[in-house]
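Got your viewer open? Let's take a short walk through this model, one selection at a time.

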Protein chains: 2
Amino acid sequence: MAKRVTINDVARAAGVSRQTVTRAINNMGEINEQTKQRVLEACERLGYRPSRFARNLVVRKKSRAMGLLVASFRNPYYTEIAGDLLNSAAERGWHVLMASTETEDEAAALDMLSGQVDLFVGHLWLADDDLARAARGLPVVLLERAGERPGLHSVEVDIREGVRVAVSALRDRGARRIGMIDSAGSGPGYVPSSRRGYFEEFAGAGSAGMVVAGDESITGGGRAFTDLVGAHPEVDAVLVFNDLMALGAVQASNALGIDVPGRVRICGFDGLTLGEAVHPALTSVSLDRHALVREALDLADVLAEADFGVLPPMRRTVRPRMLWRESA
Amino acid sequence: MAKRVTINDVARAAGVSRQTVTRAINNMGEINEQTKQRVLEACERLGYRPSRFARNLVVRKKSRAMGLLVASFRNPYYTEIAGDLLNSAAERGWHVLMASTETEDEAAALDMLSGQVDLFVGHLWLADDDLARAARGLPVVLLERAGERPGLHSVEVDIREGVRVAVSALRDRGARRIGMIDSAGSGPGYVPSSRRGYFEEFAGAGSAGMVVAGDESITGGGRAFTDLVGAHPEVDAVLVFNDLMALGAVQASNALGIDVPGRVRICGFDGLTLGEAVHPALTSVSLDRHALVREALDLADVLAEADFGVLPPMRRTVRPRMLWRESA
DNA sequence: CTGTTAGCGCTTTCAT
DNA sequence: ATGAAAGCGCTAACAG
């Protein structure tokens with residue numbers, strides 16, 4: 001491994017001082033056009049690349065970087081959030097390093113990024129203690145989950161409120177026998193039974209039996225829907241764990257010849273753009289990604305202001321709302 | 001903005017030398033447990049965070065970072081690639097910084113990242129010269145497109161071959177009147193008419209008239225399909241610009257009551273996982289993301305080996321292949 | 001176990 | 001217009 005070409009090598013080769021090289025490559029004026037060309041040529045010849053570390057170390061303007069942990073690149077919910085976050089982060093002067101926690105485990109992903117970023121943001125399910133350890137003292141902004149330790153901040157989503165609104169809206173539209181498709185719980189992003197718990201709280205005793213769990217995917221949702229209407233033909237509305245599964249449910253209803261929303265209303269959870277693409281378009285409890293992203297970045301800015309120190313937990317909450325389309 | 005807390009401040013506060021602080025925070029042994037605790041406590045009290053730049057500057061082990069430019073987070077094609085790339089990159093010891101070129105323009109995105117990475121990878125449509133300028137001398141690995149200047153390398157996809165294979169496969173299965181849904185061309189990732197050009201080359205004169213352009217989205221594809229079968233009821237197969245649009249076409253065929261593949265065969269382009277989710281599942285010319293990603297990372301490694309110098313263009317090509325599912 | 005000495009590669013003064 | 005000196009904040013290598 002050849003030794004790195006430094007600014008000194010260039011200076012020597014061009015017969016000037018390092019400062020002159022700096023002036024040339026950053027075209028900061030105060031330099032003779034001829035020497036500048038000579039220096040630039042030397043750079044090219046030697047294949048000189050300035051060290052980004054050395055430069056950032058010395059430059060006043062502090063560059064801020066966040067590590068974004070994406071739970072899955074196969075669930076559009078996460079990629080839509082990642083996309084929004086990326087755009088807003090850039091606008092607000094943040095660099096974003098990403099890691100997927102889909103294959104890798106969370107601790108490993110955090111660990112890998114810890115030397116390169118100032119804080120972490122993401123959907124993380126690691127226990128508080130492990131999280132704090134893996135983050136190596138860097139602050140963490142948790143998405144859709146709270147943390148209890150100093151240094152762990154959060155933007156939560158009021159799921160309970162979402163379920164309440166959805167169930168009552170379904171009722172308003174005439175549904176009487178509401179079932180639910182729950183996640184079987186293996187995938188990333190699974191919130192242990194909270195949605196189901198709230199569902200049972202609001203849908204009432206009569207509906208509690210009409211819950212089927214499935215794989216957290218389109219096909220999983222389709223199968224679960226088929227099972228559900230098979231076991232409970234009287235069901236007239238279904239609340240689905242997330243939009244991906246709800247998409248499958250809509251698909252399955254087509255295949256089964258079940259009229260949606262005529263015979264069964266289907267309501268998803270997440271408000272994915274993708275939901276517009278199926279027929280009938282998916283009605284969903286929308287988690288308002290923009291608000292989520294905004295709050296997360298606000299927290300990041302606060303943390304940056306505090307020099308990424310360990311602050312007591314800060315919490316923000318975003319409220320879901322109904323996104324009416326066609327399926328309900 | 002308060003002055004940064006440095007290792008010196010901690011050392012002074014704990015009454016030890018900087019080196020001892022280093023030992024404590026990186027728990028490298030050779031340190032008394034008591035002093036270690038004292039130091040750690042001082043760190044906490046002062047809110048000390050080590051500078052990642054200073055650390056990276058001094059540590060021998062060179063950390064490599066690539067800037068990944070993602071054309072769109074709304075098209076699963078790009079996010080699936082990004083996810084694969086992220087996973088493989090981590091395995092191979094790369095850090096990945098991402099920027100979206102969906103809202104921001106490419107030059108601005110490159111510019112933003114140029115100080116933080118060693119090379120760029122992505123679907124970029126900027127002209128060679130502008131690209132080289134915006135990259136600030138860093139090497140670029142172009143995806144699905146070639147570059148002609150030194151420093152611009154590429155992993156191309158043999159689209160022509162893909163179209164040829166698709167058309168002849170459609171023929172083999174009995175299609176005689178093959179139409180095409182093209183991209184109207186505004187979106188990111190639009191390859192100016194090459195797919196259409198190849199289509200016309202292989203589908204022959206009779207089919208040339210049966211081309212409809214649409215928005216590069218699911219709904220755009222659906223509308224285009226409706227237009228196409230409206231204008232040309234005799235069409236018995238449709239090659240679609242990409243899977244997103246093809247998904248819309250399948251959707252539309254359901255709505256129109258057109259049997260797929262019975263009356264019309266539909267073939268997309270990209271091989272999205274999402275294509276499995278619709279009914280009938282989407283047959284597609286698969287671009288083999290894994291090979292694409294592998295080749296891109298191979299190039300990145302070669303470039304790293306060469307210390308990210310300016311090398312003459314390196315080119316790799318991946319061949320698409322038919323991904324038979326149900327729609328054709 | 002702990003401190004001292006030397007840098008890492010670059011940019012900012014400040015002279016000249 | 002150019003150069004010399006002085007760090008940025010950290011860790012490796014050596015002393016003690």
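Before we start clicking, one bit of vocabulary: two strands count as paired if DSSP finds at least two bridges between them. Also keep in mind that this is a predicted model.

**Stop 1: β4 and β5.** Select residues 152–157 of chain A, which is strand β5, and show β4(A) along with it, residues 140–143. How many bridges link β4(A) and β5(A)? There are 4, and the two strands pair in the parallel sense. To see one of the partnerships, click A:Val140: its bridge partner in β5(A) is A:Leu152.

**Stop 2: β3.** Now add residues 119–122 of chain A, strand β3. β3(A) is joined to β4(A) by 3 bridges, and these strands run parallel too. Pick A:Gly122 here, and you'll find A:Leu142 as its bridge partner in β4(A). Next, trace the chain between the strands: leaving β3(A), the path goes through helix α7, residues 128–134, before reaching β4(A). That β-α-β crossover is right-handed.

**Stop 3: the two faces of β4.** Show the side chains of β4(A). Are its faces covered or open? Both are covered: A:Val140 and A:Leu142 are buried on one side, and A:Val141 and A:Leu143 are buried on the other.

**Stop 4: where the chains meet.** Bring in chain B. Here 47 residues of chain A are in contact with 46 residues of chain B. Colour α4 (52–58), α5 (76–91), β2 (94–100), α10 (218–231) and α11 (243–256) of chain A, since each gives at least two residues to the side touching chain B. The largest share, 8 residues, comes from α5(A). Colour this side of chain A by residue type and you get 21 nonpolar, 18 polar and 8 charged residues.

Technical notes:
Residues numbered from 1 in each chain as written. Chains lettered and ligands numbered in written order. Predicted model: local features only at pLDDT ≥ 70, side-chain atom pairs only at ≥ 80, totals over all residues. Buried ≥ 20, exposed ≤ 12 C-beta atoms within 10 Å, placed from the backbone. Right-handed = clockwise from strand over helix to strand, strands pointing away. Contact = placed C-beta atoms within 7 Å. Nonpolar A, V, L, I, M, F, W, Y, C, P; charged D, E, K, R; others polar.
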